[in-house]
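Me: Could you take a close look at how the helices in this chain pack against one another? I'd enjoy a walk through one pairing in detail, with whatever else helps to place it.

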Amino acid sequence: MGGTDNETKTLKRDNPTKEKETTVVFEDISDEVLEELRNGSHEAFQTIYNLYYKHIYAYSKAMTKSDVEAEDITQNALIQLWEKRAEIAPGTIMRRYLFTAARYLVFNYFRKLKINDKYFELANRVSEGDSTSEQQFMAEEEARHLRLIVARMPKLRRQVFEMSEKERLTNEQIAKKLKISVNTVASHLYNARKELQEVHKTLSVVLLFFLSN
């Protein structure tokens with residue numbers, strides 16, 4: 001049975017003294033493995049499972065902050081792959097197929113949290129016109145995910161964060177409006193930004209893996 005196809009991308013990292021290049025290898029299954037999966041091969045499914053499990057899990061864990069939910073989403077995405085194997089079109093890019101499945105399950109998880117509907121509207125909104133580049137497309141996809149992270153924050157933390165980022169109010173102005181201390185405002189902003197930075201760090205890698213051409 002065929003294995004995986006290696007797709008390479010060269011990423012340039014900014015360096016004040018010397019420009020370095022890092023080659024990242026993105027593995028995808030071969031057409032032969034995909035065809036064997038479509039025909040019901042357990043061995044082909046195991047190849048896919050071994051290749052993509054950790055990436056789906058990392059994405060799901062970053063979004064849900066729960067080992068249990070991340071495991072459930074990962075398993076369900078792969079189970080759905082097996083159940084719908086015969087419907088998968090030849091030539092399908094498996095990385096994107098599985099991300100689409102996992103993304104649906106992640107968004108469904110947030111929907112069950114019963115957070116404000118406006119965040120789902122924003123998270124699912126597609127910008128007008130086509131994305132001009134792969135980089136822009138991934139940035140927009142990440143932004144949609146980060147909106148859900150903001151939506152999941154405790155109410156006061158979310159309020160403080162939005163007043164700071166959207167309304168551009170100072171800590172003192174926020175404290176006065178919400179009748180809380182400036183130190184409390186600073187604490188909420190620190191925790192909100194820390195959470196978003198942690199999710200961004202994971203998403204930037206995971207989305208590059210799943211969505212790059």
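Reply: Let's start with helix α7 (residues 155–165) and helix α8 (residues 171–178), whose axes lie 10 Å apart and make an angle of about 135°. This is a predicted model, so please read every value here as computed from predicted coordinates. Angles over 145 degrees would count as roughly antiparallel, and α7 and α8 are therefore oblique to each other. Their crossing is right-handed. On the α7 side, the contact is made by L156, Q159, V160, M163 and S164, while α8 brings I174, K177 and L178. Sorted by class, the contact of α7 with α8 has five nonpolar, two polar and one charged residues.

A second pairing makes a nice companion to that one. Helix α2 (residues 42–64) packs with α4 at an angle of about 30°, and here the axes are 10 Å apart. Since angles under 35 degrees count as roughly parallel, α2 and α4 are therefore roughly parallel to each other. The crossing in which α2 passes α4 is right-handed. From α2, the residues I48, Y52, I56, Y59, S60, M63 and T64 take part, and they meet M94, R95, L98, F99, A102, R103, V106, F107, Y109 and F110 of α4. The contact of α2 with α4 divides into 13 nonpolar, two polar and two charged residues.

One of those α4 residues is worth a stop. F107 sits in helix α4, which spans residues 94–112. Is F107 buried or exposed? Its relative accessible area is 3%, and because the cut-off for buried is under 20%, F107 counts as buried. M63, a contact residue on the α2 side, is 44 residues away from F107 along the chain, yet their C-alpha atoms are separated by 9.3 Å.

To round off the tour, have a look at helix α1 (residues 31–38). Its buried residues are V33, L34 and L37. Seen down the axis of α1, these buried residues fall within an arc of 100°, so they line one face of the helix. After α1 comes G40, which has a positive phi, near 95°.

If you'd like to go back over the two pairings in your viewer, α7 with α8 is the oblique one, and α2 with α4 is the roughly parallel one.

Methods
Residues are numbered from 1 along each chain as its sequence is written. This is a predicted model: local features need pLDDT of at least 70, side-chain atom pairs count only at pLDDT 80 or more; totals for chains, interfaces and linings use all residues. Side-chain values use heavy atoms; hydrogens and water are left out. Helices (H or I, at least four residues) and strands (E, at least two) are DSSP runs, numbered from the N terminus. Buried means under 20% relative accessible area, exposed over 50%, partly exposed in between (1.4 Å probe, protein chains only). The arc is that of the directions from the helix axis to the C-beta atoms. Axes are lines fitted to C-alpha atoms, for helices over the stretch in contact, and angles run from 0 to 180 degrees between N-to-C directions. Angles under 35 degrees count as roughly parallel, over 145 as roughly antiparallel, 65 to 115 as roughly perpendicular and the rest as oblique. A crossing is left-handed if the near helix is turned anticlockwise from the far one by less than a right angle, and right-handed if clockwise. Contact means heavy atoms within 4.5 Å. Ala, Val, Leu, Ile, Met, Phe, Trp, Tyr, Cys and Pro count as nonpolar, Asp, Glu, Lys and Arg as charged, and the others, Gly among them, as polar.
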